[in-house]
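Reader: Hi! I am in my first year and still learning to read protein models. Could you take one part of this one and walk me through it slowly?

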Amino acid sequence: MATAVDLGELQHLEFGKQDIRQNGHLDAAQFRFAMGQIAWRVCPTRRFTGPWYDALFHELDKDHDGVISFDEFQNGVDQLQALEIHRTSEEWRRYARSQGGKAGAPDAPTPT
């Protein structure tokens with residue numbers, strides 16, 4: 001999983017690469033590609049579908065103008081990161097339960 005510093009830099013990098021008009025906004029296709037690049041680093045074991053990205057785009061596009069700003073894009077990255085943290089926490093809980101609640105067992109996965 002990317003660190004907070006890496007993720008901040010990555011957000012700016014991917015947004016900037018997709019903002020080909022340099023107007024500070026991404027359309028749905030640009031958003032899907034940029035978010036896919038970030039998801040690949042934040043959630044390397046998960047694959048999100050086009051419809052999932054489209055639904056997130058429409059959720060983030062509060063003013064319904066068909067484009068999102070960098071702030072809206074950051075909110076999407078935050079949601080993506082929260083999903084991964086939740087998934088990792090769930091995996092850790094399942095593992096702890098499988099070990100009889102013995103957190104810290106020798107072969108316990110390291111939480112990220």
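Author: Happy to help; what follows is a close look at helix α2 and its surroundings.

Let us start with how to read the model. This is a predicted model, in which local features need pLDDT of at least 70 and side-chain atom pairs count only at pLDDT 80 or more, while totals for chains, interfaces and linings use all residues. Residues are numbered from 1 along each chain as its sequence is written, and side-chain values use heavy atoms, with hydrogens and water left out.

Now the setting. The protein chain has 4 helices and 2 strands, and from the N terminus on they run α-β-α-α-β-α. Here helices (H or I, at least four residues) and strands (E, at least two) are DSSP runs, numbered from the N terminus. Of the 112 residues in the protein chain, 33% count as buried. The word "buried" means under 20% relative accessible area, "exposed" means over 50%, and "partly exposed" is in between, with a 1.4 Å probe and protein chains only. Contacts tell you how the chain comes together: among those between residues at least 6 apart in sequence, 56% join residues at least 24 apart. A contact means heavy atoms within 4.5 Å.

With that in hand, here is α2 itself. It has 15 residues and reaches 20 Å from its first C-alpha to its last, close to the 21 Å expected at 1.5 Å a residue. That expected span is 1.5 Å times one less than the number of residues. Which residues of α2 are buried? They are Gln30, Phe31, Ala34, Met35, Ile38, Ala39 and Val42. These residues lie on the same side of α2, because they cover an arc of only 160 degrees around the axis. The arc is that of the directions from the helix axis to the C-beta atoms.

Next, look at what α2 gives to the inside. The largest nonpolar core has 21 residues, and those with the most contacts inside it are Phe31, Met35, Ile38, Ile68, Phe73 and Leu80. A nonpolar core is a set of buried Ala, Val, Leu, Ile, Met, Phe, Trp, Tyr and Cys residues joined through side-chain atoms within 4.5 Å. Two or more residues of this core come from each of α1 (4-18), α2 (28-42), α3 (50-60) and α4 (70-98). The largest share, 6 residues, comes from α2.

Two residues outside α2 are good places to see it from. Leu80, not counting residues up to four places away in sequence, touches Met35, Ile38, Ala39, Val42, Cys43, Phe48 and Trp52. The other is Gln11, which lies in helix α1 and counts as buried at 7% relative accessibility. Leaving aside neighbours within four places in sequence, Gln11 is in contact with Ile38, Phe70, Phe73, Gln74 and Val77.

Phe31 deserves a pause for its ring. A pair of aromatic rings is described by the distance of the centres and the angle of the planes. Rings of Phe, Tyr and Trp (its six-membered ring) pair if their centres lie within 6.5 Å; planes under 30 degrees apart count as stacked, over 60 as edge-to-face and the rest as tilted. By this rule the count comes to 8 aromatic pairs. Phe31 and Phe73 form an edge-to-face pair, with 6.1 Å centre to centre and 90 degrees between the planes. This pair links distant parts of the chain, with Phe31 in helix α2 and Phe73 in helix α4, 42 residues apart. Both Phe31 and Phe73 are buried. Ring pairs also link Phe15, Phe31, Phe57, Phe70 and Phe73 into a cluster.

Finally, turn to α3, where α2 takes part in the cover. The buried residues of α3 are Tyr53, Leu56, Phe57 and Leu60. They sit on the same side of α3, because they cover an arc of only 105 degrees around the axis. What covers them includes β1 (25-26), α2, β2 (68-69) and α4. On the other side of α3, Pro51 and His58 are exposed.

So, when you rotate the model, start from Phe31 in helix α2, then look for Met35 and Ile38, which are also buried in α2.
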